[in-house]
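Trainee: Could you take me slowly through one part of this model, the place where aromatic rings come together, and tell me what surrounds it? I would also like to hear how far the model can be trusted before we begin.

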Amino acid sequence: MSMTVSASPASPRRSPAYRRLCAQIFGGHIRTLRVRDGRPLAELAPKAGLTVEEWRQIEAGQTAYAWECVLLMATALELDRSWLRYFARLYQGAQEN
């Protein structure tokens with residue numbers, strides 16, 4: 001009995017489940033930070049160049065977003081740079097490449 005082993009196993013970072021998880025974690029952090037500060041979507045979304053519905057979808061981990069969007073959301077939430085490194089890892093994990 002022979003077993004075929006792939007020379008390059010699929011990276012979990014490229015799986016759809018991993019991308020969804022990263023997007024959901026990112027969205028959860030954004031939602032938690034916004035709610036903690038008591039800031040309404042109607043106030044923050046325009047500051048990030050988003051509609052309320054787009055912001056809501058990102059919080060729910062249901063949509064793809066550009067890195068510029070991450071930066072604008074962090075700026076709207078007035079987050080310090082320590083969050084950006086963490087968000088960068090989540091962003092990379094949520095992307096297809």
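Mentor: Let us begin with trust, since this is a predicted model, and residues 1-10 are a stretch where the pLDDT stays under 50 and where the model has zero contacts beyond four places in sequence. The protein as a whole averages a pLDDT of 83, and 86% of the residues score at least 70.

Now to the rings. The structure holds five aromatic pairs, and one of them joins Phe-26 to Phe-87, whose ring centres are 4.9 Å apart; their planes stand at 80 degrees, and because an angle over 60 degrees counts as edge-to-face, that is the name this pair receives. This pair links distant parts of the chain, for Phe-26 belongs to helix α1 (residues 16-37) while Phe-87 belongs to helix α5 (residues 81-94), 61 residues apart. Both Phe-26 and Phe-87 are buried.

A second pair, Trp-83 with Tyr-86, has ring centres 6.4 Å apart and planes at 65 degrees, so it is edge-to-face as well. Here both residues lie in helix α5, three residues apart, which is about one turn of the helix. An α-helix has 3.6 residues a turn, so residues three or four places apart point the same way. Trp-83 counts as partly exposed, with 25% relative accessibility, and Tyr-86 is also partly exposed, at 27%. Taken together, Phe-26, Trp-83, Tyr-86 and Phe-87 are linked by ring pairs into a cluster.

Helix α5 itself deserves a careful look. With 14 residues at 1.5 Å a residue, α5 should span 20 Å, and its end C-alpha atoms are indeed 20 Å apart, so the expected and modelled values agree. The buried residues of α5 include Phe-87, which we have already met, along with Leu-90, Tyr-91, Gly-93 and Ala-94, and what covers the buried residues of this helix includes α1 and α4.

Those two helices also appear around helix α3 (residues 52-59), in which Trp-55, Ile-58 and Glu-59 are buried. These three cover an arc of only 100 degrees around the axis, which puts them on the same side of α3. The buried residues of α3 pack against α1, α2 (41-47) and α4 (67-76). After α3 comes Gly-61, whose phi is positive, near 70 degrees.

Terms used. Residues are numbered from 1 along each chain as its sequence is written. This is a predicted model: local features need pLDDT of at least 70, side-chain atom pairs count only at pLDDT 80 or more; totals for chains, interfaces and linings use all residues. Side-chain values use heavy atoms; hydrogens and water are left out. Rings of Phe, Tyr and Trp (its six-membered ring) pair if their centres lie within 6.5 Å; planes under 30 degrees apart count as stacked, over 60 as edge-to-face and the rest as tilted. Helices (H or I, at least four residues) and strands (E, at least two) are DSSP runs, numbered from the N terminus. Buried means under 20% relative accessible area, exposed over 50%, partly exposed in between (1.4 Å probe, protein chains only). pLDDT is the predictor's confidence in each residue, from 0 to 100. Contact means heavy atoms within 4.5 Å. The arc is that of the directions from the helix axis to the C-beta atoms. The expected span of a helix is 1.5 Å times one less than its number of residues.
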